[in-house]
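Okay, thanks everyone for coming. I'll walk you through one structure today, starting with what sits inside and then moving on to the charged pairs.

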Amino acid sequence: MTDLSTNTALREPCVPGLFSEDEGPLLHGARCITCSTPYFPRVAHCRNPACAASHIVSCTFGGEGRLWSYSVADFAPPPPHRYDKPFVPYAIGVVDLDSGLRVVGQMVDPVESMRVGARVSLVIEPIHHDEGKAFTSWKFKLLDR
């Protein structure tokens, strides 16, 4: 049997263009170079009301950060969300990346391991398997368990 979570030939992004993993896990977003506000996903115009002039450039975000908050998904999400069965409760984290971006993502570690303030790292992991493919998305992994 093939391990779909590690075989890169069978991995496919659940939403193409939002993230990549070829050069390490990266989120594709934008930053206003006038006020330095980061955005994910990309935006066309800066939404910071204090910004003097919107000047958006594409950029990537990755690496490490801190778990700012989290919630536990203890029931299966409704369609069209897909997941491998049986459903296993998981944490959804709000992470402050060291690059300045605050982003929401699923945590890969057990719910019992979550701790606000913990160091985390961006990873690309499967969210479900179908037709011989592992459909991937961005997630976060605890660094200091």
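When I say that two residues are in contact, I mean they have heavy atoms within 4.5 Å of each other. And please keep in mind that this is a predicted model.

With that in hand, let's take Trp-138. What is Trp-138 in contact with, leaving aside its neighbours within four places in sequence? Quite a list: Leu-18, Phe-19, Leu-27 and Phe-40, then Val-103, Val-104, Gly-105 and Gln-106, and finally Leu-122, Val-123 and Ile-124.

Trp-138 also belongs to the largest nonpolar core, which has 20 residues. Which of those residues touch the most other members? They are Leu-27, Leu-97, Val-103, Met-107, Phe-140 and our Trp-138. As for where this core comes from, at least two of its residues are supplied by each of these strands: β5 (56-62), β7 (90-97), β8 (102-107), β9 (119-130) and β10 (133-142).

There's a second core too, separate from that one and made of five residues. Cys-32, Val-43, Cys-46 and Cys-51 are among them.

Cys-32 brings me to Thr-37, because Cys-32 turns up in its contact list, if you skip the neighbours within four places in sequence. The others there are Ala-30, Arg-31 and Asn-48. With Asn-48 there's something extra: the two side chains make a polar contact, at 3.2 Å. Where is Thr-37 found? In the loop between β3 (26-32) and β4 (38-39). Buried or exposed, then, this Thr-37? It has a relative accessible area of 18%, so Thr-37 counts as buried.

Now, the charged pairs. Side chains of opposite charge can pair when their charged atoms come close. How many salt bridges does the structure hold? Seven, and I'll show you a few of them.

Let me start with Arg-11 and Glu-21, whose closest N and O atoms are 3.0 Å apart. Arg-11 is in strand β1 (residues 11-13), while Glu-21 is in the loop between β2 (19-20) and β3, so this salt bridge ties together parts ten residues apart in sequence. Arg-11 is buried, with a relative accessible area of 16%, whereas Glu-21 is partly exposed, at 31%.

Next up is Glu-64 with Arg-119, a salt bridge with its closest N and O atoms 3.1 Å apart. Here distant parts of the chain are linked, 55 residues apart: Glu-64 sits in strand β6 and Arg-119 in strand β9. Glu-64 is partly exposed, at 35% relative accessibility, and Arg-119 comes out as buried, at 18%.

Arg-119 has another partner, Asp-98, and in that salt bridge the closest N and O atoms are 2.8 Å apart. Asp-98 lies in the loop between β7 and β8, so its pairing with Arg-119 in strand β9 ties together parts 21 residues apart in sequence. Asp-98 itself is exposed, with a relative accessible area of 52%. Put the pieces together and you have Glu-64, Asp-98 and Arg-119 linked in a network of salt bridges.

Last stop, the surface. Tyr-70, Val-72 and Val-116 make a nonpolar patch there of about 230 Å². Val-72 is in strand β6 (residues 64-73). Its relative accessible area is 34%, which makes Val-72 partly exposed.

That's my tour, and I'm happy to take comments.

Note on methods. Residues are numbered from 1 along each chain as its sequence is written. This is a predicted model: local features need pLDDT of at least 70, side-chain atom pairs count only at pLDDT 80 or more; totals for chains, interfaces and linings use all residues. Side-chain values use heavy atoms; hydrogens and water are left out. Helices (H or I, at least four residues) and strands (E, at least two) are DSSP runs, numbered from the N terminus. Buried means under 20% relative accessible area, exposed over 50%, partly exposed in between (1.4 Å probe, protein chains only). A polar contact is a pair of N or O atoms within 3.5 Å; within protein, one must be able to donate a hydrogen and the other to accept it, and residues adjacent in sequence count only if both atoms are side-chain atoms. Patches are made of residues with over 30% relative accessible area and no salt bridge: like charges are joined within 9 Å, nonpolar side chains (Val, Leu, Ile, Met, Phe, Trp, Tyr) within 5 Å. Accessible areas come from the Shrake-Rupley method with a 1.4 Å probe; for residues, only the protein chains shown count as cover. A salt bridge is a side-chain nitrogen of Lys or Arg within 4 Å of a carboxyl oxygen of Asp or Glu. A nonpolar core is a set of buried Ala, Val, Leu, Ile, Met, Phe, Trp, Tyr and Cys residues joined through side-chain atoms within 4.5 Å.
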